[in-house]
Every structure is written in C-alpha cells, then in structure tokens.
Amino acid sequence: MKMVVHLDKNSYPIVLERGVLTHIGDFLDVQRKVALITESGVPEKWVELIRKQLPDGLVLTFPEGEGSKCFTQYENLLKQLIDAHFTRKDAVIALGGGVTGDLAGFVASSYMRGIDFYNLPTTVLSQVDSSVGGKVAIDVGAVKNIVGAFYQPKAVLIDPDVLQTLPQRQINNGLMEALKTGLIQDPELFRLFESDDRCIDAIIEHSIDVKRRVVEQDEKESGLRKCLNFGHTIGHAIEGAYGLNTYLHGECVAMGMLFMIENAALKKQVLTIYEKLHIPPVPDYDVDVLMDFIAHDKKNNADSVTVVLVKELGSFVLEQWSFDQVRAVLERGPYEE
C-alpha cells in the first residue's frame, strides 16, 4: 500500500509492501552516485540486496548503536562523500534503524546544503515511527538529538520482510513506539496489542498513518506534533542516565509513558501488555540525575516543559509544567495511581 505525506514541495510517498526492497528503482533514481549508509548490525543480506541495485553505489558502514550518532561519525561520513566526489544531484539512502536514519539524514541535510535522502527502515521502531517526519540529528554527549534539522526524505520504503532477522527484544522495543501512538490517537491500534494475534503489518500501517497525518498538520513541532513525544521527556532522561548500555530506546519510552498515564485502569492494561512483551520495569533512579537530563532537553523552555498526558485511551492533553511539577511526578513514581 502507498500513503503520501502532503507537505507541499516537500511531499513524499511512504510505500508499505512486502518485498519492496527488491525493486527500489521503481521509487528512486539509481542512475547516479548513491551512498548507502548503514550500520554494522544490519544483516549483510539486506545490504547486498540494495547494493546490487545501485550501478554507482557506495556502501558506508558505521558501528551500530546510539554512540555513533556523534560528530566523529558524522564527519567521517561527510569526508567519504567528499572523497567520492558526490554532487548536489547525488543521493543518500539510509538502510537501518532509527540511528541510521538520524545520522544518514543529517548527513544528507547538510552535505552541499542538502541532497536527496531516502529512508529504508529495517527495525520495527523505525518502521512504525522514526522513518517518517523528517527529524534528523546527532547527540552531543549524553544529550540526545540536540544537533539536527527537519529534513524530509524523498521517499520511505517499508518492507516488513526485513524484520525476520531481528531478535525478539528489538521487535518488542519498536512496538512500544506503536503502542504510544495507539494510546494518544488510535484505540484500534491499541487493541491490536491486546490481541494474541498481533499483525505487524497492521500495526505498522496504523502507526505510520497517524504519524503521517500529524506531520502534515505540524511539520516542525510547533503544536500538535508534540503529542508524539508522549513518554519521551522522562524516557529520554532514563535512557541518557541509565539506558545506553542497559535499555533500548523503546523500552525507555515505555517506562516514561507510565508516569504520564492518568487513568488507573488504562495503566493496568498497559502494564499487562508490557508483561507480555517482556518490557523491563523502571529501574531505581535518582530524581536529581533525571531532572538534570530533563533540564537539558531541547524541547524545553527556560523553566518549563511541555508534557503529554493520557487520561483516556486514544486522546491526549498537552500541558506546560514547571520543573517542580515534573520532579513531583518523579518522586511519586511510575506505578502510583
């Protein structure tokens, strides 16, 4: 199936199709220099599948993991494009998860002030969320995504077949971003998680369709798009403080959501889903440590933060909280009613 993100001159298609990565030439011009940027954890079979379709392709691989979203890897990739004499008419393909899309997209956005960028997500997390919307960035130290841009891809090609090589923990990790989407905007998507037969294709379709519609209304996160940060304010803090070598991004978002669900029955339903998907519990944390990360979050104002609250399934409320209010929630804990 095909959807379109309608953003005037920055509009682009999202193609969700099993086997779409076997014929990428139907959706992008491969008759030019194309840098296939990927991380070391992506199975070679998928890298080779794409490389064979690029007559003048260059494969650039960086070490897997959030640690590669840094100035060093960003500079290394830019230098390789320069050495290969890439021009404004050439292109970058991201093949991998959210880290790959963020890093490769930022490279594409800034090389010669912007060249064509295509996103081929290979993880559940990137297929249900990060591949759509044009957020590209790198981290500085432990502060996530603090340097970046809004830079829309020319197309997003989503092939659920690539998920067959993912370990179950990575699949469950990515599903947390989809669960987030269901909680704030799509009760039908949430109910897919309560079913014993979770259809991954349907979950991806629902998630991306919600993301597409939100981005169309608020491309650069000045209003509505902030709802997609549900669970992220505290989740990013947990990830920065405790998670880089222990927890995955989606797991941390799942933890962060618990603090912001103001409905005891719904929280109980969510915890049941977490148990089925083996999402780890919130670790013992130091409130001061998490508050330090929250204070440096790029989404904050000088003395407050926009939080996303869920009071009823399928809806959300945006509120501006002082740091004292956030601290109070952290002191109360994630499991309190």
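## Salt bridges, strands and a covered helix

Let's start with a charged pair: Glu66 and Lys69 form a salt bridge, and their closest N and O atoms are 3.4 Å apart. Both Glu66 and Lys69 are buried. Keep in mind that this is a predicted model.

Lys69 has another partner, since Asp139 also forms a salt bridge with Lys69, here with the closest N and O atoms 3.7 Å apart. That pair links distant parts of the chain: Asp139 sits in strand S7 (residues 135-140), while Lys69 is in the loop between strand S4 (56-62) and H2, 70 residues apart. Why does Asp139 count as buried? Because buried means under 20% relative accessible area, and Asp139 has 8%. Lys69 is buried too, with a relative accessible area of 3%.

Now for a pair with some exposure. Lys311 forms a salt bridge with Glu262, and the closest N and O atoms are 2.7 Å apart. Lys311 lies in the loop between S10 and strand S11 (317-322) and Glu262 in the loop between H9 and H10, so this salt bridge ties together parts that are 49 residues apart in sequence. Lys311 is partly exposed at 33% relative accessibility, and Glu262 is partly exposed as well, with a relative accessible area of 39%. Salt bridges that share partners also join Glu66, Lys69, Asp102, Asp139, Lys144 and Glu239 into one network. In total, the count comes to 21 salt bridges.

Here are the three pairs described above:

| Salt bridge | Closest N and O atoms |
|---|---|
| Glu66 and Lys69 | 3.4 Å |
| Asp139 and Lys69 | 3.7 Å |
| Lys311 and Glu262 | 2.7 Å |

One member of that network, Glu239, is among the buried residues of helix H8. H8 (residues 232-243) has 12 residues, but its end C-alpha atoms are only 13 Å apart, short of the 16 Å that a straight helix would reach at 1.5 Å a residue. How many of the residues in H8 are buried? The number is 10 of 12, so H8 is mostly covered, given that buried means under 20% relative accessible area. The buried residues include His232, His236 and Gly243. What covers them includes strand S8 (143-150), helix H5 (168-185), helix H9 (249-258), helix H11 (287-295), strand S10 (304-309) and helix H12 (323-332).

On to the strands. S1 (residues 2-5) has a covered face made of Met3 and Val5, and an uncovered one with Lys2 and Val4. S1 pairs with strand S2 (residues 12-16) in the antiparallel sense over four bridges, and Met3 stands opposite Ile14 in S2. The two strands form a hairpin with six residues between them, and Asp8 in the turn has a positive phi of about 55°. Strand S5 (residues 91-96) instead pairs with S6 in the parallel sense over six bridges, with Leu95 opposite Leu120 in S6. Strand S6 (residues 116-121) is mostly covered, as five of its six residues are buried.

Finally, the surface. Phe71, Val140 and Ile146 make a nonpolar surface patch of about 240 Å². Phe71 belongs to helix H2 (residues 71-83) and is partly exposed, with a relative accessible area of 45%. Elsewhere, Asp284 is found in the loop between helix H10 (264-276) and H11. Is Asp284 buried or exposed? At 76% relative accessibility, Asp284 counts as exposed. Asp284 and Gly333 are 49 residues apart in sequence, and 9.8 Å apart in space from C-alpha to C-alpha.

Conventions
Residues numbered from 1 in each chain as written. Predicted model: local features only at pLDDT ≥ 70, side-chain atom pairs only at ≥ 80, totals over all residues. Heavy atoms only, no water. Expected span 1.5 Å × (residues − 1). Buried < 20%, exposed > 50% of the residue type's maximum accessible area, 1.4 Å probe, protein only. Contact = heavy atoms within 4.5 Å. Patch = residues over 30% accessible without salt bridge, like charges linked within 9 Å, V, L, I, M, F, W, Y side chains within 5 Å. Areas by Shrake-Rupley, 256 points an atom, 1.4 Å probe, with all protein chains shown as cover. Salt bridge = Lys/Arg side-chain N within 4 Å of Asp/Glu carboxyl O. Pairing = 2+ DSSP bridges.
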